[in-house]
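Hi everyone, thanks for coming. I'd like to walk you through a structure that is new to most of us, so please have a look at it first.

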Amino acid sequence: MSCKPVKNIQVTETRLETGTVMLTYPVGTRPWVAALIKRFSGAVQKPITKKLELDTLGSAVWDLLDGNRSVKKVIREFSKTYRLHSAEAEMSVTQFLRQLGKRGLIGFRE
Amino acid sequence: MISKSGQSWKEVGWNGIRLSVPRSWEAGRVGERYILLEHDDFPALELKWNNIRGKFSTERHLKRLKSDYQKQQTGQVISTWMIPQDWHDILKSHDITGFQWEGNLFAGKGLILFCKDCRCATLLQFYERRDRGNDKFNSIHKEKILSSFQDHSPNGLNLWSVFDIRTILPQRFKLFRHSFSPGAFELTFDTGIYQVSLYRWSPASVILLESDLQGFAEKVFPFESCHPVSAFLDGFETIELEFSPPLSLWKKWRQKLGKKPIFKWARVWHISSANRILAVKAESDKPLDFELLKSICYEYGTI
């Protein structure tokens with residue numbers, strides 16, 4: 001809870017008309033896949049990117065990640081903004097951060 | 001409710017159990033007959049209870065508890081504990097046995113309570129963080145909690161109050177299903193005649209970005225051929241949906257044979273000040289008691 005989520009610098013964020021955030025992030029390919037592509041296409045593989053569109057709540061949490069706020073502080077701010085129950089905010093924010101972490105979109109520092 | 005010590009308190013009620021706890025204590029886990037209350041992300045109070053049909057033996061329950069802990073291989077050793085006289089006085093209508101245990105991070109003091117009136121056996125244990133110790137303030141808390149403890153209601157009504165929802169329902173409403181997912185809570189009760197469900201969604205401001213309240217109500221309660229009615233009730237924007245059996249006898253029989261509930265009713269309302277949407281839904285194969293349903297809606301709210 002005291003860890004501070006930090007955004008991956010390779011992630012680019014685009015604000016959509018709806019106010020939500022679209023994240024574009026590079027995805028690493030396995031070396032053998034890259035070798036196959038190189039052999040058959042003859043070209044050096046361009047980095048593959050993926051896009052992830054966050055919903056309103058996800059975008060709100062993403063906006064709170066400034067590298068200085070701890071997870072606990074993010075939960076508190078999120079809960080205050082949407083007048084959510086603290087336990088509910090904690091569960092949804094931690095689940096969301098875990099998902100972002102799995103995709104490599106954020107890291108955590110002490 | 002603020003005590004002399006300045007501590008703010010709240011009531012927790014779940015499946016027949018009712019007690020007052022410090023406001024900062026939050027439900028961490030909730031089961032059908034189980035509740036774990038936490039304080040600062042650490043367990044504070046755990047309750048498990050059940051109705052006993054035959055003879056009740058505290059020794060047997062204590063023995064089972066010891067073997068459960070041994071199976072969990074937590075290294076905790078349970079021993080019997082002499083309960084303070086004050087606690088005996090507070091819980092004089094119960095048979096009480098005390099026990100205690102010590103682990104690496106926590107120690108616990110617990111009670112096995114048996115009420116002869118309602119034949120409910122409750123295992124109640126206070127967790128103590130070993131690095132903080134058990135101060136006098138803490139023991140005052142415990143006495144206050146124990147003096148508010150109820151395992152049966154004197155007026156035939158049960159309080160259901162966990163997280164941020166609160167309602168009072170007749171005892172004949174038996175909990176059938178419950179879920180507390182982030183953003184969506186559901187409690188479904190079975191009365192033998194009806195199935196009544198209470199819902200709570202949040203944050204309403206985000207949910208209602210996609211559609212208005214009527215659109216949301218129709219999405220969550222897709223009753224066939226029903227005409228939603230919108231109104232302002234008790235100051236809240238409200239949508240009511242109702243489905244009654246079709247007039248055609250053939251359709252009526254077909255539905256009866258399919259054992260589908262043929263009477264459905266739901267009320268959905270938006271509490272903008274709390275950023276919540278609440279709903280009550282009832283289903284039955286018999287005509288619904290609308291007066292009862294309206295009183296359920298009246299009692300149901302957010303804290």
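I'll start with how the two chains meet, then turn to the domains and strands of chain B, and end with salt bridges.

A word on the ground rules. This is a predicted model, where local features need pLDDT of at least 70 and side-chain atom pairs count only at pLDDT 80 or more, while totals for chains, interfaces and linings use all residues. Residues are numbered from 1 along each chain as its sequence is written, chains are lettered from A and ligands numbered from 1 in the order in which they are written, and side-chain values use heavy atoms, with hydrogens and water left out.

Let's begin where chain B touches chain A. How many residues does each chain bring to the contact? Chain B gives 21 residues and chain A gives 14 residues, with contact meaning heavy atoms within 4.5 Å. The size of an interface is often given as the accessible area lost when the parts come together. Here the two chains bury about 1200 Å² between them, and 56% of that is on carbon and sulfur atoms. Buried area, by the way, is the accessible area (1.4 Å probe) that two parts lose on being put together, summed over both. On the chain B side, the residues that lose the most area to chain A are B:D41, B:P182 and B:V206, which together make up 35% of what that side buries.

Which side chains form a salt bridge across this interface? They are B:R200 and A:E88, at 2.3 Å from N to O. The rule asks for a side-chain nitrogen of Lys or Arg within 4 Å of a carboxyl oxygen of Asp or Glu, and between these two chains it finds one such bridge. There are also seven residue pairs in polar contact across the interface, both residues at pLDDT 80 or more. A polar contact is a pair of N or O atoms within 3.5 Å; within protein, one must be able to donate a hydrogen and the other to accept it, and residues adjacent in sequence count only if both atoms are side-chain atoms.

Which elements of chain B give two or more residues to this side? They are β3 (26-31), β13 (184-190) and α4 (204-210). These labels are DSSP runs numbered from the N terminus: helices are H or I with at least four residues, and strands are E with at least two. The largest share, three residues, comes from α4(B).

Now to chain B itself. It is divided into domain 1 (9-148) and domain 2 (157-302), with bounds that come from an automatic or database domain assignment. Their C-alpha centres lie 34 Å apart. Between them, 13 residues of domain 1 are in contact with 11 residues of domain 2, and the area buried is about 1100 Å², with carbon and sulfur atoms giving 61%. One salt bridge crosses this domain interface: B:E11 pairs with B:R166, the closest N and O atoms being 3.7 Å apart. Three residue pairs are in polar contact there, again both at pLDDT 80 or more. On the domain 1 side, β1 (9-14), β2 (17-22) and β3 of chain B each give two or more residues, and β1(B) gives the most, with four.

You'll have noticed that β3(B) has come up at both interfaces. Let's follow its strand partners. β3(B) runs antiparallel to β4 (residues 34-39) of chain B, joined by five bridges; two strands count as paired if DSSP finds at least two bridges between them. The two form a hairpin with two residues between them, and B:G31 stands opposite B:Y34. Then β4(B) is joined by six bridges to β5 (residues 42-51) of chain B, also antiparallel, with B:L36 opposite B:E46. In that hairpin, B:D40 takes a positive phi near 55°.

In domain 2, β15 (residues 229-233) and β16 (residues 236-243) of chain B pair antiparallel over five bridges. They too form a hairpin, where B:D234 in the turn has a positive phi of about 50°.

Finally, salt bridges over all chains: the count comes to 16. One of them joins A:D63 and A:R15 at 2.8 Å, N to O. That pair links distant parts of the chain, 48 residues apart, with A:D63 in helix α2 and A:R15 in strand β2 of chain A.
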